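Biologist: Please pick one spot in this model and take me through it up close, then work outward so I can see how the surroundings fit together.

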Amino acid sequence: MKLIPRLLIVTATATLVMAASPDHSPEPALYGADPTLTLEIGVAIDRFSQQGLTLPELSIYFHDDLESCDGHGGLFTGETLQIDLCTDTTHFIYHELAHAWAHHSLTEDTRQAFVEHVEAPSWANGNDPHDQRGTELAADAIAHGLRTEALSDAEALRTAWVLERYLFLTGRPSPRLET
Ligand SMILES: [Zn+2]
């Protein structure tokens, strides 16, 4: 009789170790999404899964006004695992999902290492300018690295510094660099 090997729990250190095989995130609960947005969210979530980036169980709300997102294009709330989207741009869909992934999957050590790597004033200190916080730079890097549109050689070169941040956070190159 074969013994089933015990599951090894690997603790991520400063360099995040990601699963080698595709992972599957739980289906989010969607509120106010039309068929186009439902499809786009599905594609984006699949993209995270294909890269082994696991998302938590999310509730995603779509709004017609910016007030519901405190004047931003989107908002992620870690306490309730809720995403509010106030624009239908692809960037914000990936950006807010990236916040959810970082909240769910990044260790404190990795966040701190990223802050130092990009010379951000903090990960998420409310006193620091919004766009300079590590959490925002990380979400932008994940969004840029994961989008499904092909990158031309020129774009890949021009945004190499963002793609390098994607690699730093996920431990694997951006799928947009695959030919
Ligand atoms: Zn953000």
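Modeller: Let's start at His 95, which counts as buried because it has 24 C-beta neighbours inside 10 Å. The cut-offs: 20 or more other C-beta atoms within 10 Å of a residue's own makes it buried, 12 or fewer makes it exposed, and anything in between is partly exposed, with C-beta atoms placed from the backbone. Keep in mind that this is a predicted model, so local features need pLDDT of at least 70 and side-chain atom pairs count only at pLDDT 80 or more, while totals for chains, interfaces and linings use all residues. Numbering starts from 1 along each chain, as its sequence is written.

His 95 is found in helix 2. Helices here are DSSP runs of H or I with at least four residues, strands are runs of E with at least two, and both are numbered from the N terminus. Leaving out residues up to four places away in sequence, His 95 touches Gly 74, Ala 139, Asp 140 and Ala 143; touching, or being in contact, means that the C-beta atoms, placed from the backbone, lie within 7 Å. Leu 146 sits 51 residues from His 95 in sequence, yet the C-alpha to C-alpha distance is 9.8 Å.

Those partners lead us two ways. Gly 74 takes us to strand 3 (residues 74-77), where Gly 74 and Phe 76 make up the covered face, and Leu 75 and Thr 77 the uncovered one. Strand 3 is part of an open sheet of 4 strands in the order 1-2-4-3, with mixed pairing. For a pair, DSSP has to find at least two bridges between the strands. Strand 1 and strand 3 stand at the edges with a single partner strand each, so one side of each has no neighbour in the sheet. On average, neighbouring strands of this sheet are turned by 15° against each other, direction ignored. Back to our helix: helix 2 (residues 90-105) packs on this sheet, touching strand 3 and strand 4, and its direction makes about 15° with that of strand 3. These axes are lines fitted to C-alpha atoms, for helices over the stretch in contact, and the angles run from 0 to 180 degrees between N-to-C directions.

Now across the sheet, strand by strand. Strand 3 runs antiparallel to strand 4, joined by 4 bridges, and Phe 76 stands opposite Ile 83 in strand 4. Their hairpin has 4 residues between the strands, and Leu 81 takes a positive phi near 50° there. Leu 81 does this although it is not a glycine, and with 17 C-beta neighbours inside 10 Å it counts as partly exposed.

On the other side, strand 4 (residues 82-85) runs parallel to strand 2, again with 4 bridges. Ile 60 stands opposite Ile 83, and Tyr 61 has Asp 84 as its bridge partner in strand 4. Strand 2 (residues 59-62) alternates nicely: Ile 60 and Phe 62 point to one face and are buried, whereas Ser 59 and Tyr 61 point to the other and are not. Strand 1 (residues 29-31) then joins strand 2 through 3 bridges, running parallel, and Ala 29 has Ser 59 as its bridge partner. One for your oddities list: strand 1, helix 1 (residues 35-50) and strand 2 make a left-handed β-α-β unit. A right-handed crossover would be one where, with the strands pointing away from the viewer, the path from the first strand over the helix to the second runs clockwise.

The other way out from His 95 goes via Ala 139, Asp 140 and Ala 143. That brings in helix 4 (residues 134-146), which packs against helix 3 (residues 108-118) at about 85°, with the axes 10 Å apart. The two helices are therefore roughly perpendicular; the bins are under 35 degrees for roughly parallel, over 145 for roughly antiparallel, 65 to 115 for roughly perpendicular, and oblique for the rest. Arg 111, Phe 114, Val 115 and Val 118 in helix 3 meet Gly 134, Leu 137 and Ala 138 in helix 4. That contact divides into 5 nonpolar, 1 polar and 1 charged residue, where Ala, Val, Leu, Ile, Met, Phe, Trp, Tyr, Cys and Pro count as nonpolar, Asp, Glu, Lys and Arg as charged, and the others, Gly among them, as polar. In the loop between helix 3 and helix 4 you'll find Glu 119, a residue other than glycine with a positive phi near 55°. Glu 119 is exposed, with 9 other C-beta atoms within 10 Å.

Zooming out, the chain has 6 helices and 4 strands, and buried residues make up 30% of its 179 residues.

Methods
Contact = placed C-beta atoms within 7 Å.
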